[in-house]
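Me: I'd like to go through the labels people put on a model like this one and see what stands behind each. Can you take me through them?

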2 protein chains.
Amino acid sequence: MYRLTNSLPYLLNRVGVRMGELFSRRIARYEITLPMYRVMAALWQQGDQRLGDLAAMTSLELSTASRLIGALKRKGLVSRKRLEDNARTVAINLTTKGKLLVEELIPIAIHFEEVAIRSLPKDGLANLKSVLAQIYTDLGTIEPEIAEAETRQGKARR
Amino acid sequence: MYRLTNSLPYLLNRVGVRMGELFSRRIARYEITLPMYRVMAALWQQGDQRLGDLAAMTSLELSTASRLIGALKRKGLVSRKRLEDNARTVAINLTTKGKLLVEELIPIAIHFEEVAIRSLPKDGLANLKSVLAQIYTDLGTIEPEIAEAETRQGKARR
DNA sequence: AAACAATATTTGCATTTGCAAATTAATGTC
DNA sequence: GACATTAATTTGCAAATGCAAATATTGTTT
C-alpha cells in the first residue's frame with residue numbers, strides 16, 4: 001500500500017524545504033535570499049557566465065534568473081555586460097563586493113552541510129551525492145514519455 | 001575549495017526541482033498541480049486531518065495550504081468541515097471524486113519513483129530513504145543556533 | 001462571568017514566480 | 001545585402017507564495 005510519506009519525492013522535498021528554510025533564515029540578515037545565494041555561489045565557482053547557463057546551473061527559471069540578476073546588480077553584487085563580439089548574450093560576474101559577501105556566506109553553507117550529515121557513516125555523504133547525481137540523470141529518461149503524453153492529450157485539448 | 005555544484009543542498013534541490021517539474025507536467029492534464037497532488041495523497045494516506053497537520057505533513061506554509069484546500073474544495077475534491085466539539089479546528093477529507101482521482105495519480109507517482117531509482121543497487125532505495133529521514137531530523141539540531149543568531153542581530157535591527 | 005491568553009484558521013497585501021509574448025541582436029539564405 | 005530564421009534575454013501579466021494581521025473559538029484566571 002502506497003504511503004506518500006515513504007515516497008522518495010516526498011522525502012526529498014521535505015529535506016529540501018527544511019534545509020532551504022533554515023538556511024534562508026540564517027542568511028536573512030545579509031539581506032540575501034536563498035536563490036540569490038545560489039546565483040552568487042554559482043558565479044563564485046564559475047564566473048563570466050551567460051544568463052542561460054546560470055539559470056541551468058541553479059535550476060532557476062530563465063525569467064526568474066533574469067530578474068534576480070537585476071536585483072543583485074542593483075545591490076552592486078554582480079555586473080552584467082553585453083559582450084562586444086556577441087551582443088545578444090550577456091556576461092555576468094560577481095563584483096568585488098559580491099565576492100566578499102559570498103565568501104562570508106560559503107562557510108555558513110559548509111557548516112550547514114556538516115550538521116546535516118553529522119550522523120551518516122564515513123562514506124555516507126559521498127555515496128549520497130553520487131546517488132543524487134545518478135537519479136538526476138535517470139530522470140532525464142522519463143522526459144520523452146511525458147512529452148508523448150502531453151501531445152497525445154494535453155496540448156490537443158487546449 | 002568549495003563548489004556549489006558538489007554541495008548537498010545543491011544536489012538535493014536540483015533533483016527535487018527536476019522531479020517536481022516532470023511530475024507536474026505529467027499530471028497537468030488532470031488540472032492538478034504538484035502541491036495539490038501532495039495534499040490529496042496525504043489525505044489518502046490519512047484522512048480527517050486538520051489544516052495544521054496537513055500543512056506540516058506536506059511541508060506547505062499554513063496560508064498556502066489553507067488556500068489550496070479552498071481550491072480543492074471548489075473542485076469538489078476535498079471537504080472541509082468545522083468540528084462540532086472544537087469549532088476552531090477543521091476536518092479535511094477527500095471526497096469520493098477526490099479519492100478516485102488520487103487513486104489514478106498514485107500509480108503515476110510510483111512509476112516516477114521506479115524510473116528515478118532504476119540504476120541504484122538493490123538496497124539503494126531503502127538506504128537513501130533512511131538517510132534522507134536521518135538528515136531531516138539532524139537538521140532540527142541547527143534550529144537553536146539560527147534562532148540565537150536571529151535575536152542577536154536580525155530582529156534587533158528591525 | 002468578564003477579561004485575558006492561547007489555539008486554529010483565514011485573509012490582506014506585497015513580493016515572487018512562471019508562462020508567453022516582446023525585444024534585441026546575430027546568423028543563414030536566396 | 002535585404003529578409004526571414006534562430007538565439008538570448010527581458011518584460012507583461014496572471015497566479016502562487018509568505019508574512020503579518022485579523023478572525024473565531026476555546027481555555028484560564030480572578
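Me: Why is Glu31(A) called exposed?
Reply: A residue is exposed if 12 or fewer other C-beta atoms lie within 10 Å of its own, buried if 20 or more do, and partly exposed in between, with C-beta atoms placed from the backbone. Glu31(A) has 9 such neighbours inside 10 Å, so it counts as exposed. You'll find Glu31(A) in the loop between H1 and H2 of chain A; helices (H or I, at least four residues) and strands (E, at least two) are DSSP runs, numbered from the N terminus. Its phi is near 60 degrees, a positive value in a residue other than glycine. Most residues other than glycine have a negative phi.

Me: Before we go on, what are these numbers based on?
Reply: This is a predicted model, where local features need pLDDT of at least 70, side-chain atom pairs count only at pLDDT 80 or more, and totals for chains, interfaces and linings use all residues. Residues are numbered from 1 along each chain as its sequence is written, while chains are lettered from A and ligands numbered from 1 in the order in which they are written.

Me: What makes Ser59(B) partly exposed?
Reply: Ser59(B) has 17 other C-beta atoms within 10 Å, which puts it in the in-between class. Ser59(B) sits in the loop between helix H3 (51-58) and H4 of chain B, and has a positive phi of about 60 degrees although it is not a glycine.

Me: And how is Gly124(A) classed, and on what count?
Reply: With 15 C-beta neighbours inside 10 Å, Gly124(A) is partly exposed. Gly124(A) belongs to helix H6 of chain A. Not counting residues up to four places away in sequence, Gly124(A) touches Ile117(A) and Val131(B), contact being C-beta atoms, placed from the backbone, within 7 Å.

Me: How do you know that the copies meet through the same surface?
Reply: 100% of the interface residues of chain A are also interface residues in chain B, so that conclusion follows. The contact takes 58 residues from chain A and 59 residues from chain B. H1(A) gives the most to the side of chain A that touches chain B, with 15 residues.

Me: Why are the two copies said to be related as by a two-fold rotation axis?
Reply: Chain A can be laid on chain B by a turn of 180 degrees and a shift of 0.0 Å along the axis, with an RMSD of 0.0 Å. The copies are thus related as by a two-fold rotation axis. The superposition is by least squares on the C-alpha atoms of residues with pLDDT of at least 70 in both.

Me: What makes chain A more spread out than a compact globule?
Reply: Its radius of gyration is 19 Å, well over the 15 Å that the globule rule gives for 158 residues, so the description fits. The radius is taken over C-alpha atoms, and the rule is 2.2 Å times the number of residues to the power 0.38. Along its principal axes, the C-alpha trace of chain A spans about 55 × 50 × 25 Å. The chain has 7 helices and 2 strands.

Me: Which residues come nearest to DNA strand D?
Reply: Arg50(A), Gly52(A), Ser63(A), Glu61(B) and Ser63(B), out of the 20 residues around the strand; near here means a C-beta atom, placed from the backbone, within 6 Å of it. H4(A) gives the most to this surface, with 5 residues.

Definitions and conventions. Contact = placed C-beta atoms within 7 Å.
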